Amino acid sequence: MFKYVKYILVVMVLGMGLIAFNQIAKADNEVVDVGENISFRQIDPEQAKQFMDSEENYVILDVRTEPEYEDGHIKNAISLSNEEISPDNKLLDELLSDKEQMILVYCRSGRRATDASIKLAKMGYVNVYNFGGIVNWPYEIVK
């Protein structure tokens, strides 16, 4: 009797592990719905690099603080901290005047990039791609 219980438990644990792995695997290139038909895409650094290498009309947005940006950033990235992203920021209107332009967003670890992506999507930007944090960026950075 206990032998069967042990097998059932092992099968359950393996099943839960597969479900968890499937959810993690789905996280790349996932559309993140933030309500009211507003969304952005969650991609990995490799996908962001592919866009940078193949697309022409895009902006790389570093939403860390200015000192963090100066310590090292992705080539051609624009520095605009997450705290500065708001509908009444005129600089944002100048830097990101085209609401349909691809915007590749990153920060240090991914939290601020997610916050910024949500704000941008709510402000009407329709091609927002969050690729997380520079700590996971395996490519060259500018210092």
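## A walk from the central strand to the aromatic cluster

Strands β3 (residues 58-62) and β4 (residues 77-79) pair in the parallel sense, with 3 bridges between them. This is a predicted model, and β3 is a good place to begin the tour. On its other pairing, β3 meets strand β5 (residues 102-107), again in the parallel sense, over 5 bridges. One residue lets you follow both pairings: L61 has I78 as its bridge partner in β4 and V105 as its bridge partner in β5. Now look at how β3 sits in the fold. Of its 5 residues, 4 are buried, so the strand is largely enclosed by the rest of the structure.

Let us turn from the strands to the aromatic side chains. The structure holds 4 aromatic pairs. One of them joins F131 and W137, whose ring centres are 5.4 Å apart; because their planes meet at 50°, the pair is tilted. A tilted pair is one that falls between the limits for the other two classes, since planes under 30 degrees apart would count as stacked and planes over 60 as edge-to-face. Both partners are buried: F131 has a relative accessible area of 2%, and W137 has one of 9%. W137 also pairs with Y139, this time edge-to-face, with 4.9 Å from centre to centre and 70° between the planes. Y139 is partly exposed, at 30% relative accessibility, whereas W137 is buried. Together with Y106, the residues F131, W137 and Y139 make up one aromatic cluster.

Y139 has a further neighbour to show you. K49 lies over the face of Y139, at 5.6 Å from the ring centre. A similar arrangement can be found at Y125, where K99 lies over the face of the ring, at 4.7 Å from its centre.

K49 also leads us on to the salt bridges, of which a search of the whole structure finds 4. In one of them, the side chain of K49 meets that of D53, with 3.0 Å from N to O. What separates these two residues along helix α2 (residues 45-54)? They are 4 residues apart, which means about one helical turn. As for their surroundings, K49 is partly exposed, with a relative accessible area of 24%, while D53 is exposed at 57%. So K49 takes part in two of the contacts described here, lying over the ring of Y139 and bridging to D53.

Helix α5 (residues 111-122) gives us two more salt bridges to visit. R112 forms a salt bridge with E68, and their closest N and O atoms are 2.8 Å apart. This pair links distant parts of the chain: R112 belongs to helix α5 and E68 to helix α3 (residues 66-71), with their positions 44 residues apart. R112 is buried, with a relative accessible area of 13%.

The other salt bridge stays within α5. D115 and R111 form it, with their closest N and O atoms 3.3 Å apart. Both residues lie in helix α5, 4 residues apart, or about one turn of the helix. Which of the two is exposed, and which partly exposed? R111 is exposed, with a relative accessible area of 56%, while D115 counts as partly exposed at 28% relative accessibility.

Terms used: Residues are numbered from 1 along each chain as its sequence is written. This is a predicted model: local features need pLDDT of at least 70, side-chain atom pairs count only at pLDDT 80 or more; totals for chains, interfaces and linings use all residues. Side-chain values use heavy atoms; hydrogens and water are left out. Rings of Phe, Tyr and Trp (its six-membered ring) pair if their centres lie within 6.5 Å; planes under 30 degrees apart count as stacked, over 60 as edge-to-face and the rest as tilted. Buried means under 20% relative accessible area, exposed over 50%, partly exposed in between (1.4 Å probe, protein chains only). A charge sits over a ring if NZ of Lys or CZ of Arg is within 6 Å of the ring centre and within 35 degrees of the ring normal. Two strands pair if DSSP finds at least two bridges between them.
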